[in-house]
Amino acid sequence: MQLPPIAATTIGSFPRPKWLANATRSQTTFNLEGDRLREGLDDATSVAIRDQELAGLDLVTDGEQRRPHFIDHILNSLEGVDTVNRVPKGVYRRRDDVHQVPHVFGALKRRKPAVVEDLQFAKARTDRPVKMAVPGPMTVVDSTLDDHYGGDEAAMAMDVATALNQELRDLQAAGADVVQIDEPAMTRYHEKVATYGARALDRCIEGITIPTIVHLCYGYPGGKDLQHEYEYPELFPLLLETNISGVAVEFARSNYDPAILEVCKERLVMFGCVDPSDVPVPPLESVVTRVRDVLRYLDPEKLLLAPDCGLMTVSRELAFAKARLLADTAAELRRTL
């Protein structure tokens with residue numbers, strides 16, 4: 001895989017066409033069934049890939065059109081978990097949210113591939129490098145209710161990591177150019193990263209030689225308050241002890257000082273510089289300035305530009321405009337390097 005300096009990409013998800021599904025951040029209800037649904041998912045994925053190409057992105061995704069939920073899509077490939085008969089659990093630290101989550105009733109083991117066919121479909125429809133994402137072990141633990149491991153989160157996380165390692169090996173063999181591990185739980189539980197989360201990440205990527213990026217998403221479900229009481233500087237030293245290739249970080253909404261990223265300069269950094277929520281597209285000059293600031297601390301060869309998070313919750317027109325903005329920002333910065 002050869003990416004240009006300051007490559008433009010996205011986190012992964014794109015809006016679904018209204019004819020395909022009714023979707024929110026937490027749930028998707030498809031409007032089609034059977035063969036019609038399969039054809040609709042193929043068509044929506046093709047459109048999402050083509051939109052990314054037209055926007056000028058250097059590294060594309062499948063748009064995550066097939067995924068009812070980014071956790072369930074992986075969990076449905078595992079033994080030992082029930083995603084249908086959901087159970088209540090409090091999630092999101094320092095929030096009083098109770099969600100209906102999948103129920104873990106047995107040892108978690110991979111029984112079939114989850115996103116390998118999704119990758120193969122995408123690779124057949126673009127000549128650009130393709131990135132695929134899976135949820136990380138800590139986030140799977142945080143997003144399910146354990147009724148098997150007796151509260152031993154480390155043991156559960158390592159079983160998830162073993163299953164994910166098998167998935168990532170198959171993705172690598174199928175031609176994935178980059179794999180992304182989504183770990184919003186890491187930004188909420190730094191002490192668990194130290195206890196077992198960092199170790200589980202390394203288990204995920206054993207034998208993986210393509211770039212591996214962990215997405216350190218803060219998450220703003222339902223437009224609630226920002227979660228920056230757990231800050232990146234506390235997390236980076238733990239992750240820099242692992243073998244991951246790099247990190248994806250959210251700077252558009254957090255307005256962190258880019259100087260904190262200097263410790264990551266030997267790794268890839270996917271720099272969140274555009275707000276993915278339903279707000280207007282910012283001026284090109286403002287995003288160029290934001291990225292120029294971070295280039296004081298990072299090598300352009302190791303820098304990728306992205307929205308803070310996925311674009312699935314905005315209109316297709318707005319998602320395209322924000323993807324185009326990322327590509328235009330990258331082109332302007334490459335022109336003036």
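Me: Two strands count as paired if DSSP finds at least two bridges between them, and strands (E, at least two residues) and helices (H or I, at least four) are DSSP runs numbered from the N terminus. In what order do the strands of the open sheet of 7 strands stand?
Reply: This is a predicted model, in which local features need pLDDT of at least 70, side-chain atom pairs count only at pLDDT 80 or more, and totals for chains, interfaces and linings use all residues. Residues are numbered from 1 along each chain as its sequence is written, and side-chain values use heavy atoms, with hydrogens and water left out. The pairing in this open sheet is parallel. The order of its 7 strands is β1-β12-β11-β10-β9-β8-β6.

Me: Which strands stand at the edges of that sheet?
Reply: An edge strand here has a single partner strand, so one side of it is left without a neighbour in the sheet. In the order β1-β12-β11-β10-β9-β8-β6, this applies to β1 (7-8) and β6 (131-135).

Me: Which residue of β12 stands opposite V274?
Reply: Strands β11 and β12 run parallel and are joined by 5 bridges. The residue in β12 that faces V274 is P307.

Me: At about what angle does α5 run to β6?
Reply: Axes are lines fitted to C-alpha atoms, for helices over the stretch in contact, and angles run from 0 to 180 degrees between N-to-C directions. Helix α5 lies across β6 and β8 (178-182), where contact means heavy atoms within 4.5 Å. Its angle to β6 is about 170 degrees.

Me: What are the edge strands of the open sheet formed by 3 strands?
Reply: The order in this sheet is β4-β5-β7, and the pairing is mixed. Each edge strand has a single partner, so one of its sides lacks a neighbour in the sheet. The two are β4 (78-91) and β7 (145-146).

Me: About how many degrees separate the direction of α5 from that of β5?
Reply: Strand β5 (residues 97-110) runs parallel to β7, with 2 bridges between them. One bridge partner pair is V104 with D146 in β7. Helix α5 (residues 153-173) packs on this sheet and touches β4, β5 and β7. Its direction makes an angle with that of β5 of about 70 degrees.

Me: Are α5 and α6 roughly parallel or roughly antiparallel?
Reply: The axes of α5 and helix α6 (residues 190-204) come within 8 Å and cross at roughly 20 degrees. Angles under 35 degrees count as roughly parallel, over 145 as roughly antiparallel, 65 to 115 as roughly perpendicular and the rest as oblique. The two helices are therefore roughly parallel.

Me: Is the crossing of α8 and α9 left-handed or right-handed?
Reply: The axes of helix α8 (residues 284-294) and α9 come within 10 Å and cross at roughly 60 degrees, which makes α8 oblique to α9. The α8 side of the contact is L284, V287, V288, V291 and R292, and the α9 side is L325, D328, T329, E332 and L333. A crossing is left-handed if the near helix is turned anticlockwise from the far one by less than a right angle, and right-handed if clockwise. For α8 and α9 the crossing is right-handed.

Me: Which residue forms a salt bridge with R50?
Reply: A salt bridge is a side-chain nitrogen of Lys or Arg within 4 Å of a carboxyl oxygen of Asp or Glu, and the structure holds 16 of them. The partner lies 3 residues from R50 in helix α1 (residues 34-55), so about one helical turn separates the two. The N to O distance is 3.1 Å, and the partner is E53.

Me: How many residues apart in sequence are R334 and D58?
Reply: These two side chains form a salt bridge, the closest N and O atoms being 3.6 Å apart. R334 lies in helix α9 (residues 316-335) and D58 in the loop between α1 and α2 (72-75), so the pair ties together parts whose separation in sequence is 276 residues.

Me: Is D308 buried or exposed?
Reply: D308 forms a salt bridge with R253 (3.6 Å, N to O). This pair links the loop between β12 (303-307) and α9 to the loop between β10 (246-250) and β11 (268-274). Buried means under 20% relative accessible area, exposed over 50%, and partly exposed in between (1.4 Å probe, protein chains only). R253, at 17%, counts as buried, and D308, at 1%, is buried.
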